[in-house]
Amino acid sequence: MDQTEIDALTVKGAKPKAAKGEPVPSAPKPPAPGPDRGTGQVPPDDPQGHVISELDAVTAVTERETNKVMDQLDLISSLVGTQQALITGVMQHPGAQDPSVQAAINQVMSAGKDIQNKVYEAMDLMQFQDITRQKLERIVHHLRQIHDYIVELLGTGLKSDTERPSISRTIASTGTVPDEKRVHADSVVEEYKRSQSKD
Amino acid sequence: MKILIVDDSSTMRRIIINTLSRIGYTDVVEGEHGKAGLEKLRQGGVEMIITDWNMPEMDGLEFVQAVRAQNASIPILMVTTNAAKEDIVQALQAGVNNYVVKPFTPDTLKEKIESLLG
């Protein structure tokens, strides 16, 4: 998230605080839809600058930025591929047939493969973005519930806008280590399949 | 072998596509939710589906049920953050053939895909 986006969020999110003893101000207009997931910007017609909208914006920006990192990793991967092809060409050159030269070139090839594997590992680790996004969506869900409860309790203000239809109910227990839940999932699948084959 | 990937996270779709290309599957179509997935399926040629669960418009479970209503045999792998036993059972009852919990390693995805394709 760059400074312009942070500033935009801060301005949209700024809401005049009510002085002590003053009634809680009701929302002036129906809530606007959430932020554009592509840009991460809170829409300009969102008068409330909800924390909810800000969290939504954060997830949108992290998704976009993660894709930028993925673009760079793709580029590195492609450059390593080009390098490997060039080295293969060098290996076939008559002047590179000396065993010591061939050994050195093989070492360079091997280092290139290591880089490629590390690039793939880094790409796979980007799954954290999706998991973090879903964890934030769960928090947003709870915030909406608290918001709506308070609105109902005070009899003033508007309930929150429509929430995302499908939110993980169990994201809080989702791990961040790859394959952390694999044994558990596999055993449930096996158990289910066994029970089906018995029937 | 054309594989349909349905996930609302563009990052996750890229990761799955990347893993698939590393294991030799490069013919891939994408959908960002269940409705888009059904549309891609209607266009034909899809031989396997990898789908997320939590998505807007139409979630993975509804998507799987809709697919199964018209195609009983296409292999479906669900890749999701939902790890509770009751979720896994619900997905299997809806018609998924196997289940992967995020985050996963490429080896796990490869193994599940290969076992589904037999």
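The following conversation concerns the sheet of chain B and the contact between chains A and B.

Student: What kind of model is this, and how are residues numbered?
Tutor: It is a predicted model, in which local features need pLDDT of at least 70 and side-chain atom pairs count only at pLDDT 80 or more, while totals for chains, interfaces and linings use all residues. Residues are numbered from 1 along each chain as its sequence is written, and chains are lettered from A and ligands numbered from 1 in the order in which they are written.

Student: What is the strand order of the sheet in chain B?
Tutor: The order is 2-1-3-4-5, in an open sheet of five strands with parallel pairing. Strands are DSSP runs of E, at least two residues, and helices runs of H or I, at least four, numbered from the N terminus; two strands pair if DSSP finds at least two bridges between them.

Student: Why is one side of strand 2 and of strand 5 left without a neighbour?
Tutor: Strand 2 (28–31) and strand 5 (98–101) of chain B stand at the edges and have a single partner strand each, so one side of each lacks a neighbour in the sheet.

Student: How many bridges join strands 3 and 4 of chain B?
Tutor: Three bridges join strand 3 (residues 46–51) to strand 4 (residues 76–80) of chain B. Thr51(B) has Met78(B) as its bridge partner in strand 4.

Student: Changing topic, how many residues does each chain give to the contact?
Tutor: Chain A gives 33 residues and chain B gives 31 residues, where contact requires C-beta atoms, placed from the backbone, within 7 Å.

Student: Which helices of chain A supply at least two residues each?
Tutor: These are helix 2 (51–92), helix 3 (99–125), helix 4 (127–154) and helix 5 (182–198) of chain A.

Methods
Two residues are in contact if their C-beta atoms, placed from the backbone, lie within 7 Å.
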